[in-house]
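Hi,

Here is the structure I promised to pass on. Have a look at it first, and my notes follow underneath.

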Amino acid sequence: MSHRPRYRRYQPRLYQRRMPIFWWVHRAAHIRFITRELTSVFVAFGALELLFLVRALGQGPAAYAAFLAWLQTPVALILNAVTVLMLLFHSLTWFNLAPRALVLHAGGRRIPDAAVRGLNYAAWVVVSAGLAGLLLAT
Amino acid sequence: MTEETITLEIFRYRPEREEAPAFQAYEVPCRKDWVILDALNYIKDELDGSLSFRWSCRMGVCGSCGMMVNGTPVLTCGAFLSSYRPGPIRVEPLANFPVVRDLVILMTDFMEKLNRVHPWLIRHEEQPVSAGEYLQTPAQLAEYKPYSMCINCLLCYAACPVYGLEPTFIGPAAIALAQRYNLDSRDEGFRQRTDVLSQDDGIWECTFVGECSTVCPKGVDPAGAIQRYKLTAAVAWWKHFLLPWQRGT
Ligand code: SF4
Ligand code: FES
């Protein structure tokens, strides 16, 4: 037979899509996620501030007083107010997610999610109350 | 009688014909009992035979009909047209995967990753047949059962921004399936799987966006599986670090 079949070798030309930089703005869940991630910046800020406070304490009364004076400036007040809000958001979202990672068993039964969450909150309250007690006692 | 209709805007990509994909609109009857997959089949049968897409079971079992519908990954055999009224409905291939043609994606990457997590029962030593079956209590079964429901539909990969940005990430379903075997009382392969999953592209890539669990049609909760795995892996690492003479599984 003279005519040859015209087979085409299979050569896929795949179409690759890319994620845009602002991939996270279209969906409420993604915005929540990015916010949660961004709050870690404030967690870091809070920790640093505490370290600087301890350092000032170590440097003597003058340094400590200067640090306290800085803490009373409007900038520091606003920054710390925002930090507290961000820390709350950060802690609450993570406490609520805890049961997803922490699967505990007691007496052959799985501890319900609400209890795991509750334990986290209880620990938080106990530690906070302990710290508050310590601070108020001095 | 005029029947109510709805418009589907479908992602078309025919590599032998066009360089870049484009959307094509089709008007289909909006029947009460029709799902998006029915509409696609209607288009293929009645309007345009050149449309390509995958499907098989039509009942949420085979996992082959996953697509992006208005930007969300869904099984098209389980998504009713009427819930998207008045439309238009945008249908695209699953995000984060290369497109072969129209609504068909290439899933080779997942198949390779799935294989890497050894998704089967691993035993140090098989017990002889004469010893009988490996028995399991209902509680032991309940431990891994949810993870065994995965149908490899890849909706979770399409929903995962980490996989989209970092395609080497081993991904939600593969880790959930690793957990399916890790949590099986008959399995002894935790260490082997953890060697794979504690690499850079394993569990630690996950930042817990959680969308994989939201879109999963089988309630597998891959996000939960990954966080659980992180915790177990971290505990195992510390144990090994502090008590190196105790080599558990
Ligand atoms: S985990 Fe759920 S969404 Fe992911 S492949 Fe399995 S069934 Fe599909
Ligand atoms: S066709 Fe099988 S899951 Fe949709």
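How do the residues of the shell around ligand 1 divide into nonpolar, polar and charged? The split is eleven nonpolar, one polar and no charged. Before you read on, keep in mind that this is a predicted model.

The shell itself is made up of residues of chain B. One stretch of it runs B:Cys150, B:Ile151, B:Asn152, B:Cys153, B:Leu154, B:Leu155 and B:Cys156. B:Ala173 is also there, and so are B:Cys216, B:Pro217, B:Val220 and B:Pro222.

One member of that shell deserves a second look. B:Asn152 sits in the loop that links helix 3 (138-148) to helix 4 (155-159) of chain B, and its phi is positive, near 55°, though it is not a glycine. Most non-glycine residues have a negative phi, and most peptide bonds are trans. B:Asn152 counts as partly exposed because its relative accessibility is 25%.

There is another positive phi to check in chain B. B:Asp221, again not a glycine, has a phi of about 55°. You will find B:Asp221 in the loop between helix 8 (211-215) and helix 9 (222-242). With a relative accessibility of 24%, B:Asp221 is therefore classed as partly exposed.

Now for the cis peptides. Which residues does the cis bond with an omega of about 0° join? That one links B:Arg85 to B:Pro86. A cis bond also joins B:Gly87 and B:Pro88, with omega at about -5°. As for where they fall, B:Pro86 is in the loop between strand 4 (72-75) and strand 5 (89-92) of chain B, and B:Pro88 lies in the loop between strand 4 and strand 5 too.

Is B:Arg193 buried or exposed? Its relative accessibility is 0%, so this arginine counts as buried. B:Arg193 belongs to helix 7 (residues 190-197) of chain B. Setting aside neighbours within four places in sequence, B:Arg193 touches B:Val117, B:His118, B:Trp120 and B:Ile122. The same list continues with B:Ala178, B:Tyr181, B:Asn182, B:Asp187 and B:Tyr229. If you only open one side chain in the viewer, I'd pick this one.

B:Phe53 is another buried residue, because its relative accessible area is 11%. Its place is in the loop between helix 1 (36-47) and strand 3 (66-69) of chain B. Apart from neighbours within four places in sequence, B:Phe53 is in contact with B:Leu37, B:Leu40, B:Asn41, B:Lys44, B:Met67, B:Leu103 and B:Val104. Of these, B:Leu103 is 50 residues away along the chain, yet the C-alpha atoms of B:Phe53 and B:Leu103 are separated by 5.0 Å.

For a contrast in spacing, try B:Ala236 in helix 9 of chain B. The C-alpha atoms of B:Ala236 and B:Pro161 are 75 residues apart along the chain and separated by 28 Å. B:Ala236 is partly exposed, because its relative accessibility is 32%.

I have one note on chain A as well. A:Ala47 is in helix 1 (residues 28-58) of that chain, and its relative accessible area of 42% is why it counts as partly exposed. Between the C-alpha atoms of A:Ala47 and A:His90, 43 residues apart along the chain, the separation is 14 Å.

Finally, some overall numbers for chain B. How many helices and strands does its secondary structure come to? There are nine helices and seven strands. The C-alpha trace of chain B spans about 75 × 40 × 30 Å along its principal axes. Of the 249 residues in chain B, 48% are buried. Taking contacts between residues at least 6 apart in sequence, 65% join residues at least 24 apart. Chain B exposes about 12,200 Å², with carbon and sulfur atoms supplying 55% of that area. On the charge side, chain B has 24 positive and 30 negative charges, and their mean positions are 4 Å apart.

Cheers

Methods. Residues are numbered from 1 along each chain as its sequence is written. Chains are lettered from A and ligands numbered from 1 in the order in which they are written. This is a predicted model: local features need pLDDT of at least 70, side-chain atom pairs count only at pLDDT 80 or more; totals for chains, interfaces and linings use all residues. Side-chain values use heavy atoms; hydrogens and water are left out. Helices (H or I, at least four residues) and strands (E, at least two) are DSSP runs, numbered from the N terminus. Buried means under 20% relative accessible area, exposed over 50%, partly exposed in between (1.4 Å probe, protein chains only). Contact means heavy atoms within 4.5 Å. Accessible areas come from the Shrake-Rupley method with a 1.4 Å probe; for residues, only the protein chains shown count as cover. Lys and Arg count as positive and Asp and Glu as negative; His and the chain ends are not counted. The place of a charge is taken as NZ of Lys, CZ of Arg, CG of Asp or CD of Glu. A residue is near a molecule or strand if one of its heavy atoms lies within 4 Å of it. Ala, Val, Leu, Ile, Met, Phe, Trp, Tyr, Cys and Pro count as nonpolar, Asp, Glu, Lys and Arg as charged, and the others, Gly among them, as polar.
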